[in-house]
Amino acid sequence: MTEVKRGDNVKVHYTGKLADGTVFDSSEGSDPLEFAVGSGQVIQGFEEGVVGMKVGESKVVQIPVEKAYGEHKKELVLQAPIEQVPPDLNPELGMRLEMGGVNGEILRVVVTEITDTHITLDANPPLAGKDLTFEIQLIECAAP
């Protein structure tokens with residue numbers, strides 16, 4: 001049986017958990033995740049975790065922050081005067097929004113604080129700063 005290598009197209013079922021055991025994502029009950037190993041479609045630690053697996057094999061992969069979504073960066077936490085919020089928005093804590101960045105890119109942000117004077121938005125990936133654990137089962141592997 002061949003082992004997964006860089007460039008292979010794979011299908012996996014997975015469950016992602018935080019250090020406290022909280023499940024943050026899973027393919028359970030849906031189609032398996034499909035990606036090309038080495039393409040950057042998934043986080044580095046996940047790609048590295050499937051390399052060497054054989055079809056039908058399951059394993060648990062511990063992914064440190066630096067091979068997941070990176071450290072939480074303070075410079076990606078933005079504060080804006082509350083009067084800059086569009087009047088039809090009605091922001092709430094935890095609300096996910098998209099906004100234009102300085103270079104025309106789209107930033108995905110989460111509302112983390114609302115006061116009478118300002119709103120705080122966090123543009124870090126939601127899992128930044130966290131070590132992750134994935135239970136992975138290799139369903140299919142095909143050479144490119």
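**Layout, cores and contacts of the predicted chain**

Of the 144 residues in the chain, 31% count as buried. The model behind this figure, and behind everything below, is a predicted one. As for secondary structure, the chain comes to one helix and nine strands. Going along the sequence, these elements follow the pattern β-β-β-α-β-β-β-β-β-β. The chain has a radius of gyration of 19 Å, well over the 15 Å that the globule rule gives for 144 residues, so it is more spread out than a compact globule. Along the principal axes, the C-alpha atoms fill a box of roughly 60 × 35 × 30 Å. Contacts across the sequence also matter for the picture: taking contacts in the chain with a separation of 6 or more, 61% are between residues 24 or more positions apart.

Next come the strand pairings, starting with β1. Strand β1 and strand β2 (residues 23-26) run antiparallel and are joined by three bridges. Within this pair, G16 stands opposite D25 in β2. The hairpin of β1 and β2 has five residues between the strands, and G21 takes a positive phi near 95° there.

Further along, strand β6 (residues 96-100) and strand β7 (residues 106-114) also run antiparallel, with five bridges between them. Here M99 is the residue that stands opposite L107 in β7. Five residues lie between the strands in the hairpin of β6 and β7, where G104 takes a positive phi near 85°. Strand β7 then goes on to pair with β8: the two run antiparallel and share four bridges. The link from β7 to β8 is a hairpin of three residues, and E113 stands opposite T120 in β8.

Strand β8 covers residues 118-122 and holds H118. With a relative accessible area of 17%, H118 is under the 20% cut-off and therefore counts as buried. Its side chain makes a polar contact of 3.3 Å with the side chain of T117. Leaving out residues up to four places away in sequence, H118 touches Q79, A80, P81, I82 and E113. E113, then, turns up twice: as a contact of H118 and as the residue opposite T120.

What about the nonpolar interior? The largest nonpolar core has 20 residues, and F46 and V50 touch the most other members. Two or more residues of this core come from each of β1 (9-17), α1 (44-50), β4 (58-63) and β9 (132-142). Strand β9 gives the largest share, four residues. Setting aside neighbours within four places in sequence, V50 is in contact with V4, V12, F35, V37 and I136. There is also a second, separate core of eight residues, and V85, V111, I119 and A123 are among them.

Aromatic rings are worth a look too, and the structure holds five aromatic pairs. One of these is formed by F46 and F134, which sit edge-to-face at 4.9 Å centre to centre, with 85° between the planes. This pair links distant parts of the chain, since F46 is in helix α1 and F134 in strand β9, 88 residues apart. Both F46 and F134 are buried. Ring pairs also link Y14, F24, F35, F46 and F134 into a cluster. Two names here are already familiar: F35 is a contact of V50, and F46 is one of the two residues that touch the most other members of the largest core.

Strand β9 is also the place of T133. T133 has a relative accessible area of 17%, and because that is under 20%, T133 is buried. A polar contact of 2.8 Å joins the side chain of T133 to that of Q62. Apart from residues up to four places away in sequence, T133 touches T15, G16, K17, V60, V61 and Q62. G16 in this list is the residue that stands opposite D25 in β2. From C-alpha to C-alpha, T133 and A68 are 10.0 Å apart in space, though 65 residues apart in sequence.

Technical notes:
Residues numbered from 1 in each chain as written. Predicted model: local features only at pLDDT ≥ 70, side-chain atom pairs only at ≥ 80, totals over all residues. Heavy atoms only, no water. Buried < 20%, exposed > 50% of the residue type's maximum accessible area, 1.4 Å probe, protein only. Polar contact = N/O pair within 3.5 Å; in protein donor to acceptor, adjacent residues only side chain to side chain. Contact = heavy atoms within 4.5 Å. Core = buried A, V, L, I, M, F, W, Y, C linked by side-chain atoms within 4.5 Å. Pairing = 2+ DSSP bridges. Phe/Tyr/Trp six-rings, centres within 6.5 Å; stacked < 30°, edge-to-face > 60°. Rg over C-alpha atoms; globule rule 2.2 N^0.38 Å.
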